[in-house]
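Subject: Structure for you to look at

Dear colleague,

I am handing over the structure below, together with a short account of what was found in it. Please read the account with the coordinates open beside you.

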Amino acid sequence: WRLFSLLAVMTVFLSACGEEYISTLRPAGAVGKEQFNLLLFSITIMALVVVVVSVLYIYAFFKFRRSRQGEDYMPKQVEGSHTLEVIWTVIPIVLLLILAVPTLISTYKLGDVAAMEHVDEDGNKTALTVDVTAKLYWWEFAYPDLGIVTAQELVVPTGEKVYFNLKAADVKHSFWIPSVGGKMDTNVENINKFYLVFDEESEGLKDGVFYGKCAELCGPSHALMDFKVKTLAPEAFDAWVASMQATEGQIASKDSTDLGEATFAASCLGCHAVSSVTGMPAGAAMGPNLTTFGDRSHIAGFLEFNKENLVSWIKDPEEYKPGNLMTGAYKVGNNNPDELSDEEISALADYIMSLSVEK
Ligand code: CUA
């Protein structure tokens with residue numbers, strides 16, 4: 001009964017956290033589906049083993065019980081059986097081989113990133129590559145062949161392989177989009193490579209986006225290190241790339257008549273860029289690139305997107321994401337929001353929310 005109640009509690013717990021849009025059991029795209037099939041296949045074999053062993057165990061339990069034979073009955077003493085030993089050695093070997101073959105085939109197939117280096121006659125890369133950099137506690141997505149960079153929301157075309165170079169800037173994190181595939185560690189010292197395919201129709205989609213998570217315990221705000229994945233049809237993706245490239249040279253000016261922009265230039269520009277074109281001054285890459293902030297669905301990856309939340313976040317990021325580097329920057333810089341008036345912070349929030357390439 002104790003075991004039964006434990007199982008009941010676990011079932012309730014697991015079903016409560018089984019939100020469809022962030023579930024490996026609702027796979028989208030070729031990679032997610034292949035990993036899901038492998039999962040089903042292994043569970044089927046394991047379930048068969050559990051059933052056969054349980055039946056044998058229960059049979060032996062009743063067949064050889066003491067009361068059946070009388071109190072002083074001495075059962076037949078068995079010293080060993082070569083036949084049985086061979087059987088119970090060979091069966092697991094066969095089962096492990098059956099598991100190993102499809103696992104290895106899938107592993108090599110999903111790890112095949114040779115196409116990432118292919119170039120056409122003009123010397124342009126033919127496969128879309130995204131450099132993912134995990135940082136405490138946010139994600140940077142750079143498209144090296146397109147010369148653009150963004151943060152927190154990965155944008156990808158549907159129906160084609162998207163190749164990833166994964167690395168971390170500080171400590172080990174792990175890149176995981178449960179519905180689409182993964183997960184794979186992001187390390188500081190070496191780059192991990194793999195690819196994913198994104199389907200446009202999926203139960204794993206919520207409000208048109210897939211949800212991604214950091215899957216490696218990395219610090220106090222590990223659980224809040226979320227990102228989103230926007231999927232676009234190939235033509236829409238090309239249009240998005242063009243609008244990102246068009247932000248070249250965009251910068252906030254301290255002399256602006258817009259109070260928000262002037263405040264941003266004085267207090268935030270040292271760490272946050274407002275142009276998505278790569279190769280901006282080094283300092284502007286310290287914090288998440290904000291060029292597409294107005295297009296985001298969440299603030300800091302998890303707060304509902306509204307001005308009130310943005311103002312609270314600017315005033316005290318530590319309250320929401322303990323251990324994030326913005327709090328530290330406040331302490332060493334001259335950009336402490338305590339020195340800004342409510343009017344300035346309000347204008348600052350309006351300015352940041354107006355940054356967009358989609359509107
Ligand atoms: Cu990054 Cu957990």
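What follows covers a set of paired strands and then a pair of packed helices.

Please bear in mind throughout that this is a predicted model.

To begin with the strands, β2 spans residues 138-143, and because six of its six residues are buried, the strand is largely enclosed by the rest of the structure. The side chains alternate in direction, with W138, E140 and A142 pointing one way from β2 and W139, F141 and Y143 pointing the other way, and every one of these residues is buried.

On one side of the pairing scheme, β2 is joined in the antiparallel sense to β1 (residues 128-135) over five bridges, and among these partners V132 is matched with F141 of β2. The connection from β1 to β2 is a hairpin that runs through two residues. Strand β2 also pairs with β3 (residues 148-151), again in the antiparallel sense, over four bridges, and here A142 has V149 of β3 as its bridge partner. The hairpin of β2 and β3 has four residues between the strands, and G147 in this hairpin takes a positive phi near 70°.

Turning to the helices, α7 (residues 307-315) and α10 (residues 342-354) pack at an angle of about 115°, their axes being 10 Å apart, and the crossing is right-handed. The contact involves K307, L310, V311, I314 and K315 from α7, which meet I345, S346, L348, A349, I352 and M353 from α10. Sorted by class, the residues of this contact are eight nonpolar, one polar and two charged.

With best wishes

Conventions:
Residues numbered from 1 in each chain as written. Predicted model: local features only at pLDDT ≥ 70, side-chain atom pairs only at ≥ 80, totals over all residues. Buried ≥ 20, exposed ≤ 12 C-beta atoms within 10 Å, placed from the backbone. Pairing = 2+ DSSP bridges. Axes fitted to C-alpha atoms, helices over the stretch in contact; angles between N-to-C directions. Left-handed = near helix turned anticlockwise from the far one by under 90°. Contact = placed C-beta atoms within 7 Å. Nonpolar A, V, L, I, M, F, W, Y, C, P; charged D, E, K, R; others polar.
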